[in-house]
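Reader: Can you walk me through this one? I'll ask as we go.
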Amino acid sequence: MSLTPNHVHRTVRNLIAGRQARCHYWGVLTAERPNCLIVTGMPGAGKSTVTRLVAERLPRAARLDGDFISRLVVSGRVGALGEPAEEAARQVELCNRNLCALANNFADAGFTPVIDWVIPDREQLDFFVSLLPDLHVLFVVLAPGIEACRYRNTIRAPRERFDFDGYEDLDLGMKRELGGVGWWFDTAALTPEETADRVIQEADHRAVVS
């Protein structure tokens, strides 16, 4: 069967469109080393929704939920803000180690790890980076503002709400410790889908940890 010029043009256009569709969400996959995307922020910032959307949009990705990992401890669990404080800190470190171990395992298998977890200070971020030596760590702080976080937390399903009254202290602490680190992304005017698209397209050059 002979090909007409119109048929050739249509075929070329379809190939280009297909290539663009496949590459549209490869923004966080362009580093020389495998990437690990860490998304943090205050309760209600949108971490869970955005990381799920990001992971769904990437060709091969695993979403690692710090809250879920921490709750694997059934007996004797102490939350990050619980008492005794020493045990709470020990379990936070355990959760961080487990998240990094999983991230390395998934990256070794060809999946981009997308971590959803509250990282409140530089010490904890540096701990993550030290345990991810072979990965290109991208750090995104979702920062829609305190009022937006409070509101978003109230409209969650009851079982997903986070009873938290330390927004001001956490906000000040994160800005003091992490204000110049990674990408502080004001998402107040964006939908979760818009936020996820921009994270994918821009994190590779805006969210590098230095």
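Reader: How much area does the protein expose, and what share do carbon and sulfur atoms supply?
Author: The protein exposes about 11900 Å², with 53% of it from carbon and sulfur atoms; accessible areas come from the Shrake-Rupley method with a 1.4 Å probe, and for residues only the protein chains shown count as cover. This is a predicted model, where local features need pLDDT of at least 70, side-chain atom pairs count only at pLDDT 80 or more, and totals for chains, interfaces and linings use all residues. Residues are numbered from 1 along each chain as its sequence is written, and side-chain values use heavy atoms, with hydrogens and water left out.

Reader: OK, how many helices and strands?
Author: The protein has eight helices and five strands. These are DSSP runs numbered from the N terminus: helices are H or I with at least four residues, strands are E with at least two.

Reader: What order do the strands take in the sheet?
Author: The open sheet runs S2-S3-S1-S4-S5, with parallel pairing; two strands pair if DSSP finds at least two bridges between them. S2 (61-65) and S5 (183-185) are at the edges with a single partner strand each, so one side of each has no neighbour in the sheet.

Reader: And which residue in S3 is the bridge partner of Ile38?
Author: Ile115. Three bridges join S1 (residues 35-40) to S3 (residues 112-116).

Reader: Switching to helices: how does H4 pass H5?
Author: In a right-handed crossing, meaning the near helix is turned clockwise from the far one by less than a right angle.
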